[in-house]
Every structure is written in C-alpha cells, then in structure tokens.
Amino acid sequence: MRIQPRQQLVDLWRAILDSCYVRDPESADPDARVWIWGGTGGANSISDAEQLLCLLYPATQIATFALDQPDNITGDVRDALEPFGTPTRIGGVVVGLLEQFFERHAENGEPVFAAGSYLGGTDGIEPTADQYRLELVDSFSMSLSLCIAALRFLRGFEGVLGGEVRREAKLLRPRIAALEPVVRARLTAAMVGLVRSFVIHTPEPRSAAGRAMLQMLNRGEAASDAALAAIAARLERLRVQTANEVRLAQSEDIDVADDRLLFECGWTWGVSSAADAVDLIGHRIATTPGVAESRPYLYFTVVALDGILDLLSEKIKERDLLDDTQRQLANALKLRLELTQKYWSTVARFSPGHWPLEDFPWRTSDGEESDYYSLAVGALLMQDMIYRESTDDLVRTVAVFDQLARRGRITSRLTAGDPAAVMHSPGVPMRLVGSEHAGDGTGPRLLWQVPDFATMMLKRCLQAAGLPSSVDTRDRLLELADSAMDHLDARMLRHGAAAGLWDDTSVIAGSAATNGAGPFAPDRPSWFITERMMECFVIAYDTFSQPPLAPEPMIKRAVESLSEAEHLLNQERLEVGDDDQSAKRVALDRIEQSLERARSVLGRRPATALSLATQALAQLDELAYARENATR
C-alpha cells in the first residue's frame with residue numbers, strides 16, 4: 001500500500017464524517033445532524049480526545065488542511081467535509097464539537113481525565129466506579145495535544161470573524177470567548193498531570209527490579225562489582241542532573257544521587273503514589289494523592305513524550321499560546337523529556353559491542369518481556385535522535401527495527417497460534433500496579449491493553465526518514481514504513497458505518513477471508529488505532545514535504561558534469577558573435593539557462609542538477625558533431 005498522505009487524510013476525514021456526523025433521529029429537520037461519540041472501546045476522555053484529534057490535528061499541522069480560514073479551504077477538503085456545510089459554516093461546527101468535548105469531560109467546572117471504558121479488570125473482575133474514574137497518562141497526553149490544537153484553531157478562526165463568516169460572528173464570538181478559558185484550564189491540568197506522573201525509580205541491585213535491570217544491561221550475566229561500577233560511571237552525569245534539576249512534584253524520599261542504587265526515569269501509568277503537590281507561582285495546585293506505582297512504564301513514557309513534543313513545537317512558541325503558569329510547566333516537562341530521552345538512549349546502547357536493545361526481547365524492571373517493549377525502547381532511541389537531529393547509530397537502529405518488523409510479523413506472515421499476534425490484537429497487556437488501591441480498595445488490579453505495535457513502527461520509521469541520512473538508510477526506513485502500511489491497510493474496515501476507519505482485527509485472528517464483511521468486523525471504529533493512523537499520515541506529509549537527500553558523491557558527480565558542460569559551452573560561444581541570431585545561438589542560450597538552473601538546485605537536488613548537466617552535455621555534443629560533420 002503506497003503511502004499517499006494527502007489523499008489518505010482526505011479519505012480519513014470523509015470516513016469520519018460518514019461514521020460520526022449522522023442525521024439526528026430526534027429532529028424533524030431532515031438536514032439536522034448530530035455527532036456520535038465513542039468507538040469500539042466506548043466513550044471516555046481518551047477516546048473522545050482521539051476522535052476529535054483525528055479532525056483537528058491535521059487542520060492545525062498542515063496548511064492545506066486548515067479549517068480556520070474559510071476562503072482558503074481547498075476543493076478536496078471542502079468535498080470531504082461537505083456534511084458540515086459551506087466553508088463559512090465549518091468553523092462554527094468545529095467550535096460546537098469542542099464545546100461538547102469540554103462539557104462532557106468536566107465535573108463542577110473542573111476537567112476530568114477518566115479512562116473509563118478503556119480500562120478492564122484482571123481475571124475478568126469488573127472495575128469499581130472509583131477505578132473507572134482513574135486518570136491515565138494517555139488522557140493527559142491526548143488532552144494536551146487536543147488543547148494545543150484547539151487553541152491554535154480558535155486563535156486563527158477568531159481572526160476571520162467579521163470577514164468571511166460575518167453573519168455568524170455575533171453568535172460565535174461570545175462562544176469562543178467562553179470556550180478559550182475552559183481549554184486553557186484543561187491544558188494546565190493535563191500538564192500538571194504529566195508532571196505528577198513522571199517518576200524516578202531507584203531499586204537496589206539485589207532487589208527483583210534491580211536484578212531485572214542488571215540482566216538487561218549486562219546481557220543476562222550475573223551482576224558483578226565491575227558491572228555496577230560501569231553502570232554508575234555511564235549514568236553519573238545524568239544522575240547528577242536529575243538530582244539537581246528535577247524538583248517539581250518530586251518526593252524527597254527518592255535519593256537519585258546515591259550511586260549504589262540503580263535508577264530509571266519516565267512516566268508511570270497515572271499520577272504517582274510518590275508525587276507531591278505542584279507548587280507554582282506562590283500557590284499549590286493538584287494536591288490529590290495518586291495511586292500509580294512509582295516505576296516507569298515504557299508505553300506511557302512514549303505516549304507522554306509525544307504529547308510534550310506537541311507542546312514544545314516551534315508553532316506554539318510563534319503563536320505565544322501559553323500563559324505564565326503554562327510556560328513554567330512547559331519548562332518542567334521539557335527538562336523531564338530531555339532527561340528521559342537521554343536515559344533510554346543511553347541504556348538502549350549501553351554496551352557498544354552488543355546493545356541491550358539488540359538482545360530481544362526487552363525485559364522491563366518488573367520482569368515482563370516482550371518484543372513490544374523492544375520496539376518501545378527503540379522508539380525512545382529514535383525519538384532522541386530526531387529531537388537532537390542526530391544520525392549517530394541510525395543505521396544500526398534501523399537494523400533493530402528491521403528485525404522487530406520480522407519478529408512482529410510486519411514483514412513476515414502470521415502463523416497459526418503465533419504468539420506475535422497478541423501484540424496486534426488484543427494488544428500487550430499491562431497491569432496497572434496501584435490501581436487496586438483506588439477508592440475503597442475493593443476493586444481488582446486494572447488491565448490496560450495496547451495494540452499499537454504496527455502504528456508505532458510506522459510512525460517512527462516515517463519520522464526517522466526525515467533525518468539527513470544516507471539514501472540507503474532512508475530507502476530502508478521507507479520500505480519498513482510501506483510494510484507497516486500494508487499490514488495496517490489490511491486492518492482497515494471495508495464495510496458498514498465505520499468503513500474507511502480502523503480496526504478490523506479479523507485478519508489477525510485468522511479470518512482475513514471475510515474481508516471485514518463478516519461478524520468479526522465492528523460497527524464502530526477503534527479511535528485508539530484510527531488516531532494513530534492519522535498521526536502517521538501527518539508525519540508522512542511532513543516527511544515527504546522535505547527536500548530530497550543530497551549525498552556528497554552525487555553532488556561531486558553533478559559538479560564534475562556541470563564543470564565540463566560549462567567549459568564546452570564557453571568553447572561553443574567562441575564561434576558565435578554577440579549579434580548572431582542563428583539557431584545555434586538560440587540553442588546555446590537554452591543550454592546556458594539549463595546550466596544556470598542546475599547550479600541553483602545543486603545543493604538541494606544534486607540528481608536533478610546532474611540530469612540537467614547531462615542533457616546539456618548531450619546537446620553540446622550534437623552541436624560539436626554537426627560542426628565537425630560540416631567541416632568534413
């Protein structure tokens with residue numbers, strides 16, 4: 001399946017409106033429509049944010065998909081959003097959807113981040129009402145991205161009120177004025193939630209967690225004093241920085257400076273049981289204690305970093321969207337992001353001879369093993385490279401992704417009873433340690449399942465393809481991305497109300513012959529997977545928009561060809577006077593224009609420059625041959 005991000009995003013928007021924006025059965029007006037919330041996992045703060053992000057994220061990340069400037073909406077986008085009405089009405093519909101979301105996920109005026117129906121209990125035990133209200137990092141991160149997108153949209157749309165949408169301005173201006181502080185309040189709460197969910201885990205080497213970490217870093221060998229000393233030395237600078245700079249919401253009981261202890265950092269599944277209140281600008285906020293185990297979870301760490309990167313983008317700085325409190329929180333999150341990326345980038349490549357990351361599968365500090373965790377650590381390593389715009393070890397990291405693609409059945413076929421199938425459906429199970437203490441403590445330990453192995457592979461390969469690497473490396477990354485896209489295209493729903501969205505897992509369960517038409521196909525989409533597909537299309541659009549690679553050998557060949565062509569052109573000019581109006585003079589002028597164009601694109605598109613120089617050389621040779629033939 002070829003990745004064509006513009007067309008795929010347009011098709012995605014069309015499918016979303018077909019599935020979600022339907023005729024209102026309670027209205028007598030045949031044109032009245034209503035937005036349907038929820039998917040296969042039900043409706044909750046995470047699912048609803050994912051659903052709305054599928055519409056709003058492309059609209060605020062890609063200029064040609066912008067919805068805040070009615071006059072500039074392109075034809076294919078206008079056709080896809082035709083159920084919303086004319087271009088001047090689209091913005092008002094989006095404002096209404098935002099109002100619905102923020103009203104649905106607030107209690108007594110305070111934002112709520114409950115995971116709700118996305119949660120399950122272990123051993124089939126139903127979670128309690130208090131457990132369904134637990135707030136997860138997924139919700140904080142998705143809400144952060146949604147709020148940033150909403151503020152960017154509202155800021156842009158408010159600027160055109162009174163112009164293209166003059167007739168609706170009187171109604172929309174007060175609605176936007178009331179909506180913006182609600183969006184800001186949720187954004188602040190999401191940022192605080194992410195700060196309080198960041199954890200530093202310092203197990204003793206002889207503890208179960210310590211032994212699991214040492215076996216991973218020491219390639220399964222017994223921990224020796226020499227190995228402990230090597231680990232302490234390698235992580236010393238990072239440990240000192242963490243001890244000196246990470247203060248906000250951190251418990252004083254954690255002694256990260258003690259080099260006799262191991263340490264790891266990242267995000268746990270929710271507000272940590274060790275999190276302190278957040279003290280900002282003279283007042284304390286978010287004092288409710290958390291229950292989440294104070295140990296990093298790889299999945300939630302990746303999700304948290306993705307949301308923080310949206311917050312730290314240059315577009316946010318240019319728009320000056322954050323207030324003083326939010327800027328202080330953003331700086332705290334940026335520090336945690338950089339420390340976390342450095343930590344996992346270091347441990348993934350701890351041994352230069354044979355990386356721990358290359359020792360499949362990765363074992364987490366709670367002793368769980370899975371190729372999914374190897375991919376998550378690889379994603380953190382790749383994310384660190386992209387953040388620093390570094391290509392060090394990129395070739396080796398791509399080789400890791402290549403092996404994981406085979407092990408995860410992205411580039412190889414699933415077999416009967418294949419254990420790799422679980423990573424795709426129903427997903428890798430994660431036990432949320434500490435969730436059993438929520439409320440009155442009578443509920444089960446909760447279970448969270450993540451089926452995003454293929455989308456994580458696709459997303460990281462597309463992101464890394466934007467780095468200034470070699471042609472071979474970029475081609476391999478795009479080949480892996482194409483393979484992941486093939487896998488995910490097979491999981492697109494083909495029939496029913498949710499056609500064009502995801503996720504038909506019948507192909508994972510060995511029922512591909514139904515092609516989504518049988519009883520296996522759900523009638524509602526999985527917003528968890530659909531939202532991640534949308535992100536991949538946006539990243540692909542950005543990657544494909546960048547200039548092609550300009551390898552030095554190709555530049556050298558182009559320069560050599562240009563030099564020869566320009567020299568031969570000068571020779572031919574010796575035979576033509578300034579006032580010559582012959583066909584040869586016209587031909588030489590055209591050749592000169594081609595060579596000037598080749599020079600102008602040489603640094604950005606050396607292959608194009610080489611092609612132009614080659615054509616010029618061929619034309620100059622024709623002129624030389626004609627002159628020699630005439631002489632004979």
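**Strands, salt bridges and a helix**

Colleague: In β13, which residue is the bridge partner of Met430?
Modeller: Strands are DSSP runs of E at least two residues long, helices are runs of H or I with at least four, and both are numbered from the N terminus. Strand β13 covers residues 446-450 and pairs with β12 in the antiparallel sense over five bridges; two strands count as paired if DSSP finds at least two bridges between them. In β13, the partner of Met430 is Trp448.

Colleague: What sort of model is this?
Modeller: Residues are numbered from 1 along each chain as its sequence is written, and side-chain values use heavy atoms, with hydrogens and water left out. Local features need pLDDT of at least 70, side-chain atom pairs count only at pLDDT 80 or more, totals for chains, interfaces and linings use all residues, and the model is predicted.

Colleague: Back to that sheet: which strands stand at the edges?
Modeller: It's an open sheet of three strands in the order β5-β13-β12, with antiparallel pairing. Each edge strand has a single partner, so one side of each is left without a neighbour in the sheet. The edge strands are β5 (120-121) and β12 (428-432).

Colleague: How far apart are the end C-alpha atoms of α1?
Modeller: Helix α1 runs over residues 5-20, which makes 16 residues. The expected span is 1.5 Å times one less than the number of residues, so for α1 it should be 22 Å. The model agrees, with the end C-alpha atoms apart by 22 Å.

Colleague: And which helices help cover the buried residues of α1?
Modeller: Buried means under 20% relative accessible area, exposed over 50%, partly exposed in between (1.4 Å probe, protein chains only). Buried residues in α1 include Leu9, Trp13 and Ile16. Strands β1 (21-23) and β2 (33-35) contribute to the cover. The helices in it include α2 (45-61), α3 (75-80), α18 (471-490) and α19 (527-545).

Colleague: How many residues apart are Asp138 and Arg532?
Modeller: Their side chains meet in a salt bridge at 3.7 Å, N to O, the rule being a side-chain nitrogen of Lys or Arg within 4 Å of a carboxyl oxygen of Asp or Glu. The pair links distant parts of the chain, since Asp138 sits in helix α6 (residues 137-160) and Arg532 in helix α19, at a separation of 394 residues.

Colleague: Which other residues are linked with Asp138 and Arg532 in a network of salt bridges?
Modeller: Asp138 and Arg532 are both buried. The network they belong to also takes in Glu50 and Glu531.

Colleague: Is Arg476, the partner of Glu479, buried or partly exposed?
Modeller: Glu479 and Arg476 meet in a salt bridge of 2.7 Å, N to O. They are three residues apart in helix α18, so about one helical turn separates them. Glu479 has 42% relative accessibility and counts as partly exposed. At 27%, Arg476 also counts as partly exposed.

Colleague: What about the side chain of Ser370: which residue has its backbone nitrogen 3.0 Å from a polar atom there?
Modeller: Ser370 lies in strand β11 (residues 369-370) and counts as buried at 12% relative accessibility. Leaving aside neighbours within four places in sequence, Ser370 is in contact (heavy atoms within 4.5 Å) with Pro361, Trp362, Met423 and Val428. The backbone nitrogen 3.0 Å from a polar atom of its side chain belongs to Tyr372.

Note on methods: A polar contact is a pair of N or O atoms within 3.5 Å; within protein, one must be able to donate a hydrogen and the other to accept it, and residues adjacent in sequence count only if both atoms are side-chain atoms.
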